[in-house]
Amino acid sequence: MSGYNNILVGLDLSEESSQVLERAAQIAAHNNATMSLAHIIEPLTFAYGGDVPMDLSEVQEQLQNQAKEQLRKAAANLNIPSDRQHVVLGQPATEIHRLAEESGCDLIVIGSHGRHGLALLLGSTANGVLHGAGCDVLAVRVHSPNE
């Protein structure tokens with residue numbers, strides 16, 4: 001089996017994202033692979049069921065701008081060009097699948113918080129990405145600072 005050539009890293013931009021990035025960078029270096037970063041923002045209308053009687057477009061735009069800046073900083077440390085930095089509005093698993101397919105990725109790297117019990121039954125982004133990906137998926141077990 002040959003190594004990986006094109007890696008998509010899905011980040012939630014939390015403090016733990018650095019653990020996911022570090023692991024993905026190790027794999028990319030070992031395989032001399034290209035790496036792309038993605039952060040998916042769920043539309044605020046999804047989060048609030050569309051029942052909020054106010055215009056959330058300005059807040060949504062601020063969230064996107066903040067995410068782009070955070071992703072830019074993370075990418076700068078790894079010399080990842082802007083054309084391989086993706087901040088997308090949508091459902092996380094669906095958009096990660098789409099980006100991976102469009103860019104011909106052979107590995108998706110995401111973080112997993114190792115939820116248990118009810119949170120596991122309700123599903124997670126990592127679970128959604130795993131079930132439906134057209135390529136390998138590595139879920140990096142991340143640890144919060146207080147673990």
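Reader: Gln 85 lies in strand β3 of this predicted model. Why is Gln 85 called buried?

Author: Happy to go through that one. The relative accessible area of Gln 85 is 19%, and buried means under 20%. Gln 85 falls under that cut-off, so the word applies.

Reader: Which residues does Gln 85 touch, leaving out those up to four places away in sequence?

Author: Gln 85 touches Leu 37, Leu 71, Arg 72, Ala 75 and Ile 80. Contact here means heavy atoms within 4.5 Å. Leu 71, Arg 72 and Ala 75 fall within helix α3, residues 57-77, while Leu 37 falls within strand β2, residues 34-41.

Reader: What makes the pair formed by Gln 85 and Ile 80 a polar contact?

Author: A polar atom of the Gln 85 side chain lies 2.9 Å from the backbone oxygen of Ile 80. The cut-off for such a pair of N or O atoms is 3.5 Å, so the 2.9 Å pair is within it.

Reader: How do you know that β2 and β3 pair?

Author: Pairing needs at least two bridges, and β2 and β3 have five, in the parallel sense. Ala 38, for instance, stands opposite His 86 in β3. Helix α3 lies across both strands, running at about 160 degrees to β3.

Reader: And what makes β3 an edge strand?

Author: The open sheet has five strands in the order β3-β2-β1-β4-β5, with parallel pairing. β3 (85-89) and β5 (136-141) each pair on one side only, and these are the edge strands. From one strand to the next, the twist averages 25 degrees.

Reader: How do you know that β4 pairs with β1 and with β5?

Author: Count the bridges again, with at least two needed. Four bridges join β1 (residues 6-10) to β4 (residues 107-112), and six join β4 to β5. Both counts meet the cut-off, so both pairs qualify. Val 9 stands opposite Val 109 in β4, and Ile 110 stands opposite Ala 139 in β5.

Reader: Over in strand β1 we find Ile 7. Why is Ile 7 called buried?

Author: Its relative accessible area is 0%, and the cut-off is under 20%, so Ile 7 counts as buried. Among the residues Ile 7 touches are Ala 24, Ile 27, Met 35, Leu 107 and Val 109. Ser 36 is also touched by Ile 7; the two are 29 residues apart along the chain, yet their C-alpha atoms are separated by 6.2 Å.

Reader: What caps the N-terminal end of helix α4?

Author: Gln 91 does, with a side-chain oxygen 3.1 Å from the backbone nitrogen of Ala 93. A polar contact allows up to 3.5 Å, so this distance fits. After α4 comes Gly 104, whose phi is positive, near 65 degrees.

Reader: Which residues of α4 are buried, and what do they pack against?

Author: In α4 (residues 92-102) the buried residues are Pro 92, Ala 93, Glu 95, Ile 96, His 97, Leu 99 and Ala 100. They pack against β1, β2, β3, β4 and α6 (125-130).

Reader: Stepping back, how many helices and strands does the protein chain have?

Author: There are six helices and five strands, running β-α-β-α-α-β-α-β-α-α-β from the N terminus on. Of the chain's 147 residues, 39% count as buried. The exposed area is about 8,900 Å², with carbon and sulfur atoms supplying 50% of it.

Notes: Residues are numbered from 1 along each chain as its sequence is written. This is a predicted model: local features need pLDDT of at least 70, side-chain atom pairs count only at pLDDT 80 or more; totals for chains, interfaces and linings use all residues. Side-chain values use heavy atoms; hydrogens and water are left out. Helices (H or I, at least four residues) and strands (E, at least two) are DSSP runs, numbered from the N terminus. Axes are lines fitted to C-alpha atoms, for helices over the stretch in contact, and angles run from 0 to 180 degrees between N-to-C directions. Buried means under 20% relative accessible area, exposed over 50%, partly exposed in between (1.4 Å probe, protein chains only). A polar contact is a pair of N or O atoms within 3.5 Å; within protein, one must be able to donate a hydrogen and the other to accept it, and residues adjacent in sequence count only if both atoms are side-chain atoms. Accessible areas come from the Shrake-Rupley method with a 1.4 Å probe; for residues, only the protein chains shown count as cover.
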